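Work through the exercises below with the sequence and the coordinates open. Each task is followed by a solution in steps.

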Amino acid sequence: MGTATALAEKKSKRTTAKGVTSKALASKSSAGKAASAKAAKPKTVRLPGHIYDYPKYYDLIFGSDCQAELDFLQDCFACFADRKVKKLFEPACGTGRLMVRFAKLGYQISGNDLNEKAIDFCNRRLEKYGFPTSAFVADMCNFQLKKPVDAAFNTINSFRHLEKPEMAKDHMRVMADAVAPGGLYVLGLHLTPSTEPQVVEETWTAARGNLKIRSKMWLVDRTPAQRLETYRMKYEVTKPAGREVLEDQFNFLTYNVKQVTDLIASEPRWEIASVFDFAYDIQAPIVLNDQTEDVVFVLRRVGS
Ligand SMILES: C[S@@+](CC[C@H](N)C(=O)[O-])C[C@H]1O[C@@H](n2cnc3c(N)ncnc32)[C@H](O)[C@@H]1O
């Protein structure tokens, strides 16, 4: 999951658009049902488990507005790869919102994720559109591909789920094994600037048919000694049958500019080809400084 700021920037347009849709839907359906709504208040069910255990809900909130990322990633392939990019890999792919779109564009795509439910959702959707079920359950810091790919991407902070610096190092190493020389790894994450920034609470809404979801994420704790931030996240789901609520908590490892550039330098098979922000504008590379917050590294695989 992205940090509040990172995902907010990516998703805020969607929030507005979906918010309008969901209001329109609500008023239409409520018109004829006012009487029965008065009679029976829908019951609320507390959902067990983790936010990623509900891929349908995750995908509804975060999976519909991917065009800027798709365009940007393809621009990166064209501008920075020293090989033709046909085969792609996404570590921590989740529901595969980007994978399925790349498959539709003609790329060969695979991905992994720790969450079995997300992988199942991803593979069922790939299958539905006639593509190989190429997502598999694995830890992004401990896996091996049969053959290296031309490019990989990891765009919205999933990388920060690796809670220890050593895990992040392992990830950079296995990704260097997974990407062929001349290929790319596009890695997007939110950095901690030297001055206290930061948006600490964000909400998103989305609706499809008569399913409506409101999602909220907020910072609850910082443990600077371990470089950890703890976030809580809540889904409030409204369906004709009633309401569902899920609350979950997770940690993100924090990075400042030095920590992330040291990490990249720890794996000599990566060089920084360019750096962007979450505006995903290939014409607008950024220069890192201690105020930088959202960052997208375009890493090129060097060596043999
Ligand atoms: C914010 S979601 C992003 C999913 C997808 N990349 C996207 O852009 O929509 C983060 C994903 O990271 C996965 N994840 C967390 N830790 C992981 C690990 N160590 N290895 C693989 N996946 C992991 C979670 O299960 C979740 O699906």
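**Exercise 1. Ser215**

Decide whether Ser215 is buried or exposed, and describe its surroundings.

Step 1. The model is a predicted one, and every count below is computed from it. Within 10 Å of the C-beta atom of Ser215 there are 25 other C-beta atoms. A residue is classed as buried at 20 or more, so Ser215 is buried.

Step 2. Place Ser215 in the secondary structure: it belongs to strand 8, which covers residues 211-223.

Step 3. List the contacts, leaving out residues up to four places away in sequence. Ser215 then touches Ile61, Thr203, Trp204, Met233, Lys234 and Tyr235.

Step 4. Check a pair that is distant in sequence. Tyr58 is 157 residues from Ser215 along the chain, and their C-alpha atoms are separated by 9.3 Å.

**Exercise 2. The five-stranded sheet**

Find the strand order of the open sheet of five strands, and state which strands are at its edges.

Step 1. The order is 1-10-9-8-7, and the pairing is mixed.

Step 2. Strand 1 (44-46) and strand 7 (201-208) each pair on one side only, which makes them the edge strands. Ignoring direction, neighbouring strands are turned by 20 degrees against each other on average.

Step 3. Take the pairs in turn. Strand 1 runs parallel to strand 10 (residues 242-253), with three bridges between them; here Thr44 stands opposite Arg243. Strand 9 and strand 10 run antiparallel and are joined by twelve bridges. Arg232 has Gln249 of strand 10 as its bridge partner. Two residues lie between strand 9 and strand 10, which form a hairpin.

Step 4. Add the helix. Helix 3 lies across strand 7, strand 8 and strand 9 (228-239), at about 90 degrees to strand 8.

**Exercise 3. The seven-stranded sheet**

Do the same for the open sheet of seven strands.

Step 1. The order is 4-3-2-5-6-12-11, again with mixed pairing. Its edge strands, strand 4 (135-137) and strand 11 (270-276), pair on one side only. From one strand to the next the twist averages 20 degrees.

Step 2. At the strand 4 edge, strand 3 and strand 4 pair in the parallel sense over three bridges. One of the bridge partners in strand 4 is Ala135, which stands against Gly111.

Step 3. Helix 7 (residues 165-178) packs on this sheet and touches strand 2 (87-91), strand 5 (149-154), strand 6 (179-190), strand 11 and strand 12 (294-301). The direction of helix 7 makes about 145 degrees with that of strand 6.

**Exercise 4. Helix 5 and the core**

Explain why helix 5 counts as largely enclosed by the rest of the structure.

Step 1. Six of its eight residues are buried, so helix 5 is largely enclosed. The buried ones are Arg97, Leu98, Met99, Val100, Phe102 and Ala103.

Step 2. Identify the cover. It includes helix 3 (55-62), helix 4 (67-80), strand 2, strand 3, helix 6 (116-128) and strand 4.

Step 3. Look past the end of the helix. Gly106 follows helix 5 and has a positive phi, near 105 degrees.

Step 4. Turn to the largest nonpolar core, which has 68 residues. Met99, Ala151, Ala152, Val179, Leu184, Tyr185 and Val186 touch the most other members. Leaving aside neighbours within four places in sequence, Val186 is in contact with Leu73, Cys76, Phe153, Val296 and Val298.

**Exercise 5. The ligand shell**

Which residues around the ligand come nearest, and how does the shell divide by class?

Step 1. Of 21 residues around the ligand, the nearest are Ala92, Gly94, Asn115, Met140 and His161.

Step 2. Sorted by class, the shell has twelve nonpolar, six polar and three charged residues.

Step 3. Helix 5 (97-104) and strand 3 (108-113) each supply at least two residues of this shell.

**Exercise 6. The whole chain**

How many helices and strands are there, and what share of the residues counts as buried?

Step 1. The protein has eight helices and twelve strands.

Step 2. Of its 304 residues, 38% count as buried.

Step 3. Consider contacts between residues at least 6 apart in sequence: 72% of them join residues at least 24 apart.

Definitions and conventions: Residues numbered from 1 in each chain as written. Predicted model: local features only at pLDDT ≥ 70, side-chain atom pairs only at ≥ 80, totals over all residues. Near = placed C-beta within 6 Å. Helix = DSSP H or I, 4+ residues; strand = E, 2+ residues; numbered from the N terminus. Nonpolar A, V, L, I, M, F, W, Y, C, P; charged D, E, K, R; others polar. Buried ≥ 20, exposed ≤ 12 C-beta atoms within 10 Å, placed from the backbone. Contact = placed C-beta atoms within 7 Å. Pairing = 2+ DSSP bridges. Axes fitted to C-alpha atoms, helices over the stretch in contact; angles between N-to-C directions. Core = buried A, V, L, I, M, F, W, Y, C linked by C-beta atoms within 7 Å.
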